[in-house]
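Visitor: I am new to this structure and should like to learn how to read its features. May we go through them one at a time?

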Amino acid sequence: MATGRTHRPATRSRGIPEATVARLPLYLRALTALSERSVPTVSSEELAAAAGVNSAKLRKDFSYLGSYGTRGVGYDVEYLVYQISRELGLTQDWPVVIVGIGNLGAALANYGGFASRGFRVAALIDADPAMTGKTVAGLPVRHTDELETIITDNGVSIGVIATPAGGAQPVCDRLVAAGVTSILNFAPTVLSVPDGVDVRKVDLSIELQILAFHEQRKAGEESPAEAAVRAAAEPVVVDAAVPGEDGGEGAAGESGAAGDDNGRKGPEGDVPAVMPA
């Protein structure tokens with residue numbers, strides 16, 4: 001069986017944009033679901049909806065693959081599954097090592113989706129001697145002292161880092177030195193790698209923070225009824241230029257002139273009460 005060390009996907013040589021490459025797994029997931037239901041063909045509109053993109057973008061993406069579908073019929077599901085799998089390099093075996101077998105690393109090792117998508121977990125590696133020899137997901141955990149030997153013996157070109165932040169860069173350096181050219185990083189830190197090494201970062205805390213931002217924005221949106229209640233509760237500001245009953249400036253004008261400077265300050269005394277949009 002071919003290994004990841006000797007066979008590389010052809011997307012770069014064929015000039016497929018990175019944004020298109022990032023969407024190919026979405027199409028493949030949707031197509032695989034259709035294939036499992038024995039659906040023979042699918043229209044661009046149906047597939048785009050299932051993948052969460054618009055149909056024009058989907059057709060443009062598929063044009064890079066040389067696949068244009070048949071008018072009135074759509075795309076052949078099985079052929080597209082093969083075509084996208086080939087472009088992503090999933091028609092061959094990709095041995096992967098996972099370094100850091102804590103809770104997250106163990107969960108990744110037990111993830112069944114790797115094997116079904118062309119990835120074989122070749123080894124689980126951890127720096128803790130107490131973990132050495134323990135079985136996780138049917139594989140014995142091996143010590144980091146063996147890292148270079150494991151990579152060479154298995155022809156590994158993809159490494160997964162699930163260590164604490166402080167240990168991620170040293171592990172990354174060793175992986176790269178041993179010949180790994182693609183790294184999936186789950187550690188909460190930014191890795192420094194030389195040219196020719198690809199890093200994909202997965203930071204769950206950042207994703208949660210982004211969701212928290214959107215939740216805060218949604219919570220801050222007022223309904224019309226809420227806006228009306230707030231407006232009714234706000235004090236009425238009298239224009240300082242309104243003349244009094246005798247045609248000159250009345251008390252309101254005097255207080256407005258005296259309070260002109262204060263009227264421009266917000267609650268803290270030095271912030272404008274009304275900020276520019």
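Visitor: Among the contacts in the chain with a separation of 6 or more, what percentage is accounted for by residues 24 or more positions apart?

Guide: Please note at the outset that this is a predicted model. A contact is judged in space, whereas separation is counted along the sequence. Here, residues 24 or more positions apart account for 56% of the contacts with a separation of 6 or more.

Visitor: How many helices and strands are there in the chain?

Guide: The chain has eleven helices and nine strands.

Visitor: What share of the residues counts as buried?

Guide: Burial is judged by relative accessible area, with buried meaning under 20%. Of the 277 residues in the chain, 34% are buried. The exposed area of the chain comes to about 16800 Å², of which carbon and sulfur atoms supply 56%.

Visitor: Let us turn to one strand. How many residues of β3 are buried, and which way do they point?

Guide: Strand β3 covers residues 94–99, and six of its six residues are buried. Trp-94, Val-96 and Ile-98 point one way, while Pro-95, Val-97 and Val-99 point the other way. Residues on both sides of β3 are thus buried.

Visitor: How many bridges join β3 to β4, and how many join β3 to β7?

Guide: Strands are taken to pair when at least two bridges are found between them. Six bridges join β3 to β4, residues 119–126, and these two strands run parallel. Within that pairing, Val-97 has Ala-123 of β4 as its bridge partner. With β7, residues 158–161, β3 also pairs in the parallel sense, over four bridges. There, Ile-98 stands opposite Val-160.

Visitor: How many aromatic pairs are there?

Guide: Two rings count as a pair if their centres lie within 6.5 Å, and planes over 60 degrees apart make the pair edge-to-face. The count is three aromatic pairs. One of them joins Tyr-27 and Phe-62, edge-to-face, at 5.1 Å centre to centre with 75° between the planes. This pair links distant parts of the chain, as Tyr-27 lies in helix α1 (residues 18–36) and Phe-62 in helix α3 (residues 55–65), 35 residues apart.

Visitor: Is Tyr-27 buried or exposed, and what of Phe-62?

Guide: Tyr-27 is classed as buried because its relative accessible area is 0%. Phe-62 is likewise buried, at 0%. Phe-62 also forms an edge-to-face pair with Tyr-75, at 5.1 Å centre to centre with 85° between the planes. That pair connects helix α3 with strand β2 (residues 75–76), across 13 residues. Ring pairs therefore link Tyr-27, Phe-62 and Tyr-75 into a cluster.

Definitions and conventions. Residues numbered from 1 in each chain as written. Predicted model: local features only at pLDDT ≥ 70, side-chain atom pairs only at ≥ 80, totals over all residues. Heavy atoms only, no water. Buried < 20%, exposed > 50% of the residue type's maximum accessible area, 1.4 Å probe, protein only. Phe/Tyr/Trp six-rings, centres within 6.5 Å; stacked < 30°, edge-to-face > 60°. Contact = heavy atoms within 4.5 Å. Areas by Shrake-Rupley, 256 points an atom, 1.4 Å probe, with all protein chains shown as cover.
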